[in-house]
Amino acid sequence: MHGNTGKIADISLAEGTVTMLNLPEDTYRSFIGGSGLGAKLFWDRADFSADPLSPEALFILMNGPLTGIRLSGASRMSATARSPLTGGLAESSCGGYFAPALRLAGYDGLVITGRADKPSVICIDKDIITIEDAASLWGRGIEESTMALHGTYGKKSTSLVIGPAGENLVPFACILNEAHHAFGRCGMGAVMGSKNLKAIVVKEAKGELSLADPDRVKAMIKELTPRIREHLISQVLHDFGTSGNLEGHMYSGDVPVKNWTSNFNEEMGDALTGSTLSERFLKKVGTCAYCAVACKRIVQVDEGPYAIPEGPGPEYETVVSFGSLLGTPDLAAVCKAGRVCNDLGMDTISAGATIAWAMEAYERGDLTDERTGGMALRWGDMDLVANSILPMMASRSGKLGELLSKGSAGAARAIGGNTINYTAQSKGLEAPMHDPRGGHGHALAYAVSPRGACHVQTAMHFMETGACNYPEIGFEFDLEALTGDGKPETMVLAAAIGCIENSACLCQFADRSFTMQEIAELINAAAGYKYTLSEMMDAGMRGYDLKRCINFLLGFTAADDTLSPRLLEPARDGDTAGIEIHFDDMKKKFYHLMELDPVKGVPSRRRLEAEGLSDEAERIWPGTS
Amino acid sequence: MSTYYKDADDLYKIYGYFLDRVLQDEKIGTKMSKAGIIIKFIYTDPDAEITIDLKNPPSKKGYYGTFYLGPCDLKEDVWSKQPADHSHRFWHGLENPIAGVTKGIIKQGGKVTAMLKLLPVIKPAFKMYPIALKEMGLDHLIVSK
């Protein structure tokens with residue numbers, strides 16, 4: 001096997017045992033790697049009735065076929081589980097340093113089951129995987145824990161760590177690598193916490209890759225790297241970080257304000273945008289392994305109530321979640337809230353969105369002082385957010401902490417009334433900070449993404465904004481953001497492309513200048529899959545369809561492919577004001593194009609069988625032909 | 001052959017009239033001047049060049065920047081090259097500049113991020129361009145969706 005190592009460590013925390021899974025090469029080729037292969041492992045091994053936080057629950061980490069090849073954007077990996085937040089399929093992607101370290105240590109991935117009888121760390125030191133005591137780290141924040149792990153396992157080690165929120169099973173708890181790079185979404189931190197697993201450490205990233213065509217890989221890296229560096233998106237990301245064009249997005253109606261009640265505020269756009277962050281707080285740029293883009297921000301707030309020492313700074317999603325969404329233009333406060341939230345180990349999108357929902361609920365009188373324990377939730381009260389609400393959510397303490405630790409949909413269900421209508425989510429996953437009213441394709445993408453409202457599980461975000469162009473697969477930009485025209489057809493391609501990117505574990509920023517043919521060639525040169533372009537597209541679609549089948553067995557149907565009402569209301573201000581999203585029409589056409597059953601929400605038996613998913617088809621459509 | 005411009009002089013006449021208004025507009029001009037850069041627009045079909053200086057003090061009172069029609073000696077911080085007809089549609093708000101770059105219709109160099117940040121600032125000018133054409137008696141050049 002090339003590119004991949006063919007070794008997946010199967011770790012039982014209950015038994016304290018490690019065995020090796022050796023999947024057939026054809027399985028890798030059929031699902032690419034990363035999220036596609038994670039979904040396949042989940043399908044084959046999961047107990048679909050198991051609670052996401054039970055010992056039986058699976059936690060899968062998977063590299064892609066390109067991991068470790070020293071190409072910008074190829075240092076990501078994918079996590080798969082059942083989400084404690086949504087109950088559906090959870091997947092999350094993380095950059096940083098862990099993925100190449102795991103690959104160089106000799107592994108394509110880890111499948112973790114069971115629950116350790118005490119707080120533990122999995123330590124990977126080449127061929128030796130041990131489960132070690134982590135009692136001294138339990139209860140500590142992610143930054144402190146990460147430093148302590150470096151002290152124990154050496155400066156060259158790298159780790160995935162959960163914070164107190166994960167330990168306390170907050171359903172949107174995250175996992176961080178080097179206290180900066182996040183498996184943010186779907187509550188992967190709680191899954192680790194439920195297993196008494198504080199951290200996973202690779203002691204040293206040392207080893208050799210076996211590539212199918214090393215010379216071709218080298219030549220492609222040489223050819224692609226300058227193109228990545230010079231790409232417009234890369235330049236913006238490098239100069240100003242992922243929030244680099246926030247004020248531009250504000251004008252196009254992309255940036256939500258005050259719990260999605262508005263999507264236009266010039267003052268906030270100027271105050272929160274990436275150039276302002278650079279001017280006021282940037283100390284230096286940071287990066288994932290081998291990356292020429294370097295979109296990460298290292299910031300310091302020198303003085304004032306939100307002073308923080310030099311360390312990881314907020315990216316776009318965090319800036320908006322704790323900025324305009326909460327009604328504040330105070331960027332120092334955003335930096336502080338982001339740092340606190342990361343250290344506690346919570347997804348900044350879900351945390352910010354849940355607080356924003358609570359602020360609106362309080363303003364409306366749906367959330368009373370009795371429910372908040374006497375706390376007045378006012379728009380923009382960042383002192384309360386950073387110093388009280390976030391710690392309470394992570395520890396699930398007090399009435400308010402317990403309520404908001406459920407996430408926005410869970411909290412809305414708890415207090416009832418019409419409060420669910422002004423959550424901003426799909427399938428229970430809070431929407432990322434790109435307003436579908438500024439790009440109607442996002443509405444469809446959020447609704448039909450298997451993990452819930454998500455802009456990176458498919459490629460719609462970049463396709464709709466004009467940042468990619470794929471004539472080789474029939475996609476040449478001709479979309480207008482504020483209509484549904486062409487969006488279902490685009491979504492078909494976007495579903496496959498997104499699954500390819502997340503399975504090859506490519507960064508969706510760094511690969512924007514790649515053609516799909518080049519991605520296939522890269523995979524072939526590294527892993528020897530011998531894909532034609534169409535076979536790779538089929539593999540992406542196969543992964544997407546399999547994830548839909550998993551969700552069906554976890555209780556989701558076509559009715560769940562929707563958005564909360566708030567996200568479908570016409571915008572109230574800005575250039576997008578009053579424009580209606582024709583969501584039902586887009587969904588209906590997408591379902592038709594994808595042969596999705598209008599009730600079950602899964603592909604037809606014919607389609608599954610044509611994709612080589614005959615066993616899956618039989619399980620979804622038993623007794624039919 | 002250009003759909004909208006007879007030749008470079010025709011293009012300069014139209015953009016001169018338009019930029020004269022944009023660079024005196026208080027809301028747009030104030031924000032543009034904060035960019036502090038010199039931008040060179042290079043057009044093809046017809047071949048032409050326009051430089052907008054948002055770095056040095058404006059040469060005329062009441063203006064927030066200075067523009068030069070045709071080649072000039074100022075060293076640009078950023079340049080952008082595109083077909084003149086694409087630019088014409090852009091100023092009507094009908095072209096997505098990100099897609100233009102992605103598809104290779106627009107080429108750029110230098111401090112492109114600084115220029116990108118001007119995009120939201122100049123958005124109100126999209127309404128001014130057709131008005132300028134109308135004022136010049138060039139209604140037939142106004143493009144609709």
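The following questions and answers concern a predicted model and its strands, sheet and chain contact. Local features need pLDDT of at least 70 and side-chain atom pairs pLDDT 80 or more, while totals for chains, interfaces and linings use all residues. Residues are numbered from 1 along each chain as its sequence is written, and chains are lettered from A and ligands numbered from 1 in the order in which they are written.

Reader: Which strands of chain B stand at the edges of the open sheet?
Author: Strands are DSSP runs of E with at least two residues, and helices runs of H or I with at least four, numbered from the N terminus; two strands pair if DSSP finds at least two bridges between them. The sheet in chain B has 5 strands in the order 3-2-1-4-5, with mixed pairing. Each edge strand has a single partner strand, so one side of each is left without a neighbour in the sheet; these are strand 3 (66-69) and strand 5 (107-110) of chain B.

Reader: Which residue stands opposite Asp53(B)?
Author: Strand 2 (residues 48-53) of chain B runs antiparallel to strand 3 of chain B, joined by 4 bridges. The residue of strand 3 opposite Asp53(B) is Thr66(B).

Reader: Which residue in the turn between strand 14 and strand 15 of chain A has a positive phi?
Author: Strand 14 (residues 296-301) and strand 15 (residues 308-312) of chain A pair in the antiparallel sense over 3 bridges. They form a hairpin with 6 residues between them, and the residue with a phi of about 95 degrees is Gly304(A).

Reader: Which element gives the most to the side of chain A that touches chain B?
Author: Counting residues as in contact if their C-beta atoms, placed from the backbone, lie within 7 Å, 17 residues of chain A meet 13 residues of chain B. Helix 8 (232-240) and helix 9 (246-251) of chain A are the elements that give two or more residues to this side. The largest contribution, 5 residues, comes from helix 8 of chain A.

How values were computed: Contact = placed C-beta atoms within 7 Å.
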